[in-house]
Amino acid sequence: MERKSPPAFVHPDGSPARFALVGTGGRSWMFTQALSSTYRDRCALVAFCDTNQTRMDFYNREIAEKFDAEPVATYPASDFDRMVREQQPDVVIVSSIDRTHHEYIVRAMDLGCDVITEKPLTVDVEKCEAILDAVTRTGRRLIVTFNYRYAPLRTKVKELIMEGAIGEVKSVHFEWLLDTNHGADYFRRWHRDKKNSGGLMVHKATHHFDLVNWWLDSSPETVFAFGNLGFYGRENALKRGVTEFYERGTEDSAAAANDPFALDLRKSENLSHLYLDAEHEDGYRRDQSVFSDGITIEDTMNVLVRYKSGAQMSYSLYTYAPWEGYRIAFNGTKGRIEVNHQEASYINAGTGALTEGMSSSEQIVLFPMFEKPVVVEIPPSEGGHGGGDPIMLDEIFGGKPFPDPFHRAANHIDGARSILTGIAANESFRTGLPVKVDSLLRLDEWTSPAVDHLPEVAAAPAGDPAVLAG
């Protein structure tokens, strides 16, 4: 059945919907730029909320200089409730560190706001249940920004599967490569601590697991996985004969200067303003050595998944590849689809542009059973994440709902379904055993539809302040 894209955020009187953004790190710029430029006539960015005033001030300078936009109100994270009370946002956009997503999502909904959240939805089952309960309790709307779905290449794959080009999909082989530029970047930042990010099985692979759920129109049933820290970290560097170490890339030392993995924030104006200039407030270092101690996430991961549809997947992710991209093969009862996609490598927030993760080469080949293979034409794409960012942003902020037979818009259930594969993989890493996903969380108990409406924001009651906005 055809499903339309979600209702646009609008006011009955035609006045702009009001948006507040929590967490002004690198990824938040996509929303800040869109609301301050392309969609400013119908969407009003009214506030930033963060633990760091310097970052908020930097973004206010950026929107003034680049888009001639008025500075917006800024609030420390401890004043989240006051921000909602004073600014009356219709929608709160959450792009804080992953472990805090649930705090802002739940509180925003309790204060009468709808929510747009960056992936992953959250990092563990307990926090996921809190979000699902808030959606059910309040009837508020939650969008998870799975921009990968919107890329023309990935949408074309969905179309081929829906049309039955290879019959019923029985198995998927999915290999994702993060290179020594982008992949290494997760080991410099807050993501390196698993309690913050859930590891790359949750933070990064949630994109990939969501794609497979969406492509197959199914949910994970059983997960078995291996994962370790095999390349990054001090211990692994010592094994390879490294003898010179440093704490951070932004330092005047021979060890940092000679290491191609070192990131010197001084060499990027954007990174310098956003992070180096902000260190005096919270001590956060964006440029830690990838070969230092304290890394608790894996860099080499292999996962087997059985889906409720009966399909099986073998998935691998590693973070020190010589090139960035992925290979996927779908095997069905009538043939095979092969996807090869190389992406332009990047460092998050290194440019502050909507071009991060742009495609550099891509191909889909259809192998019908007993017939000649066909190279499938892919619609052209522009913009970040394979062309997915601008399409997704237009659906969310553009105000022109359109029929979408591919069901690309993602809600709280999609967000929960995607992280459950990664959470189960983390549990399998720990125990060495397969994990039944329903033993972690039964999503079928939470699948009553949410209410798609946008009433006025209620006055915020007094309550405990929100937590860190990384």
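This is a short tutorial dialogue on reading a few features of a predicted model.

User: Let's start with the overall picture. How many helices and strands are in the chain?

Analyst: Happy to begin there. Counting secondary-structure elements gives a first outline, and here the chain has 15 helices and 17 strands. Keep in mind that this is a predicted model.

User: What share of the residues counts as buried?

Analyst: Of the chain's 470 residues, 59% are classed as buried. Contacts add a second view: among those with a separation of 6 or more, 77% are between residues 24 or more positions apart. As for the outside, the accessible surface of the chain is about 18,800 Å², and carbon and sulfur atoms account for 51% of that.

User: Now a single strand. Which residues of S10 lie on its covered face, and which on the uncovered one?

Analyst: Read along the strand and sort the side chains by face. In S10, residues 300–307, the covered face carries Met301, Val303, Val305 and Tyr307. The uncovered face has Thr300, Asn302, Leu304 and Arg306.

User: Which strands are joined to S10 by bridges?

Analyst: Look at strand S9 (residues 220–228): it runs antiparallel to S10, with eight bridges joining the two. Asparagine 228 is found opposite threonine 300 of S10. Strand S11 (residues 312–321) also runs antiparallel to S10, through seven bridges. In that pairing, leucine 304 faces serine 314 of S11.

User: What should I look for in the hairpin of S10 and S11?

Analyst: Check the backbone angles between the strands. Four residues separate S10 from S11 in this hairpin, and glycine 310 adopts a positive phi near 100 degrees.

User: On to rings. How many aromatic pairs does the structure hold?

Analyst: There are 28 aromatic pairs. To read one, take the distance between ring centres and the angle between the planes. Phenylalanine 48 and tyrosine 59 make a tilted pair, with 6.2 Å from centre to centre and 45 degrees between the planes. This pair links distant parts of the chain, since phenylalanine 48 belongs to strand S3 (residues 43–50) and tyrosine 59 to helix H2 (residues 53–67), eleven residues apart.

User: Are those two rings buried or exposed?

Analyst: Phenylalanine 48 is buried, at a relative accessible area of 0%, and tyrosine 59 is buried at 2%. Another tilted pair is formed by phenylalanine 174 and tryptophan 215, at 6.4 Å centre to centre with 45 degrees between the planes. Here too the pair links distant parts of the chain: phenylalanine 174 is in strand S8 (residues 169–179), tryptophan 215 is in helix H9 (residues 205–216), and they are 41 residues apart. Phenylalanine 174 is buried with a relative accessible area of 0%, and tryptophan 215 is buried with 3%.

User: Which residues form the aromatic cluster?

Analyst: One cluster includes Phe174 and Trp215, together with Tyr148, Trp176, Phe209, Trp214, Tyr315, Tyr326 and Phe330.

User: Which arginines lie over rings?

Analyst: For this feature, find the charged end and follow it to the ring below. Arginine 154 places its charged end over the ring of tyrosine 148, 4.4 Å from the centre. Arginine 286 lies over the face of tyrosine 275, 5.6 Å from the ring centre.

User: Last topic: how many disulfides does the structure hold?

Analyst: In general, a disulfide is a covalent bond between the sulfur atoms of two cysteines. This structure has zero disulfides. Cysteine 49 is buried, with 0% relative accessible area, and cysteine 128 is buried with 0% as well.

Key:
Residues are numbered from 1 along each chain as its sequence is written. This is a predicted model: local features need pLDDT of at least 70, side-chain atom pairs count only at pLDDT 80 or more; totals for chains, interfaces and linings use all residues. Side-chain values use heavy atoms; hydrogens and water are left out. A disulfide is a pair of cysteine sulfur atoms within 2.5 Å. Buried means under 20% relative accessible area, exposed over 50%, partly exposed in between (1.4 Å probe, protein chains only). Contact means heavy atoms within 4.5 Å. Accessible areas come from the Shrake-Rupley method with a 1.4 Å probe; for residues, only the protein chains shown count as cover. Two strands pair if DSSP finds at least two bridges between them. Rings of Phe, Tyr and Trp (its six-membered ring) pair if their centres lie within 6.5 Å; planes under 30 degrees apart count as stacked, over 60 as edge-to-face and the rest as tilted. A charge sits over a ring if NZ of Lys or CZ of Arg is within 6 Å of the ring centre and within 35 degrees of the ring normal.
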